[in-house]
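Hi,

Here is the structure I promised to pass on. My notes on it follow below, so have a look at the model first and then read on.

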Amino acid sequence: MVDTPDEVPAFTGLLGTRFAGHPPIAPFKVSVTRDDHEMTSGLRDFRVEDELYLTHRTADIEVLMHTSFTGRCDEFRDAEWDEAQVPVLYERAVGEGAILYLTLGHCRGHYDLLPVSPFWPHPQRCAWNYPVFHELLRRGIRWGLAHAH
């Protein structure tokens, strides 16, 4: 069983969430929570195949995109989940700065599971296969440049 203790509370407090588990890679729907933000303006809800990161909130965050999840993650200590709003993209104000966090983008190649497996026969690109993910990356870069002090 995998435990995800809060061993770095200063970091997770700054980030705004703490990773707690994930179900197997599978398709899920991502909904636009705020359509008036520069990261989401003009985007529609979409489906994506990826590893859904389930987190515990550690601070106030502004959720920009979300999904929902009800089910089990048997490999993790926090196995039972029933969450109406799982953050997929969020912004967190910190002093005069801000953090932008996108949970999509899990992928694995042939040798990414060492030492658990010496060779993964089917590379998975997950969100990297979707044009909307590339658009979110472009917007995130622009967001970072616009918010640099």
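Phe-119 sits in the loop between strand E7 (97–102) and helix H2 (131–146); helices (H or I, at least four residues) and strands (E, at least two) are DSSP runs, numbered from the N terminus. Before I go on: this is a predicted model, where local features need pLDDT of at least 70 and side-chain atom pairs count only at pLDDT 80 or more, while totals for chains, interfaces and linings use all residues. Residues are numbered from 1 along each chain as its sequence is written, and side-chain values use heavy atoms, with hydrogens and water left out.

Back to that loop. Phe-119 counts as partly exposed because its relative accessibility is 40%; the scale is buried under 20% relative accessible area, exposed over 50%, and partly exposed in between (1.4 Å probe, protein chains only). Together with Tyr-111 and Leu-114, Phe-119 makes a nonpolar surface patch of about 340 Å². Patches are made of residues with over 30% relative accessible area and no salt bridge, with like charges joined within 9 Å and nonpolar side chains (Val, Leu, Ile, Met, Phe, Trp, Tyr) within 5 Å. The areas come from the Shrake-Rupley method with a 1.4 Å probe, and for residues only the protein chains shown count as cover.

Two backbone details are worth a look if you plan to check torsions. Leu-114 and Pro-115 are joined by a cis peptide bond, with omega at about 5 degrees, and Pro-115 is in the loop between E7 and H2. Cys-126 has a phi near 45 degrees, which is positive although the residue is not glycine. Cys-126 is also placed in the loop between E7 and H2, and with 6% relative accessibility it counts as buried.

Now the sheet. Five strands form an open sheet in the order E3-E2-E5-E6-E7, with antiparallel pairing (two strands pair if DSSP finds at least two bridges between them). Strand E3 (46–50) and E7 are at the edges with a single partner strand each, so one side of each has no neighbour in the sheet. On average, neighbouring strands of this sheet are turned by 35 degrees against each other, direction ignored. Axes here are lines fitted to C-alpha atoms, for helices over the stretch in contact, and angles run from 0 to 180 degrees between N-to-C directions.

At the E7 edge, strand E6 (residues 80–94) is joined to E7 by 6 bridges, and the two run antiparallel. Glu-91 stands opposite Leu-100 in E7, and Leu-89 has Leu-102 as its bridge partner there. E6 and E7 make a hairpin with 2 residues between them, and Gly-95 in the turn has a positive phi of about 60 degrees.

At the E3 edge, 5 bridges join E2 to E3, again antiparallel, and Val-30 stands opposite Phe-46 in E3. In a regular strand the side chains alternate between the two faces of the sheet. Along E3, Phe-46, Val-48 and Asp-50 point to one face and are buried, while Arg-47 and Glu-49 point to the other and are not.

H2 lies across E3, strand E5 (62–72), E6 and E7, and runs at about 170 degrees to E7. Contact means heavy atoms within 4.5 Å.

What does Thr-55 touch, not counting residues up to four places away in sequence? Thr-17, Arg-18, Phe-19, Ala-20, Trp-81 and Pro-87. Thr-55 lies in strand E4 (residues 54–57) and is buried, at a relative accessible area of 13%.

Last, the charges. The structure holds 9 salt bridges, each a side-chain nitrogen of Lys or Arg within 4 Å of a carboxyl oxygen of Asp or Glu. Arg-34 pairs with Asp-36, the closest N and O atoms being 2.9 Å apart; Asp-36 is exposed at 56% relative accessible area. Arg-34 also forms a salt bridge with Glu-62, with the closest N and O atoms 3.5 Å apart. Arg-34 lies in the loop between strand E2 (26–32) and E3 and Glu-62 in strand E5, so this pair ties together parts that are 28 residues apart in sequence.

Arg-142 and Glu-135 form another salt bridge, at 3.8 Å between the closest N and O atoms. Shared partners join Glu-135, Arg-138, Arg-139 and Arg-142 into one network of salt bridges.

Cheers
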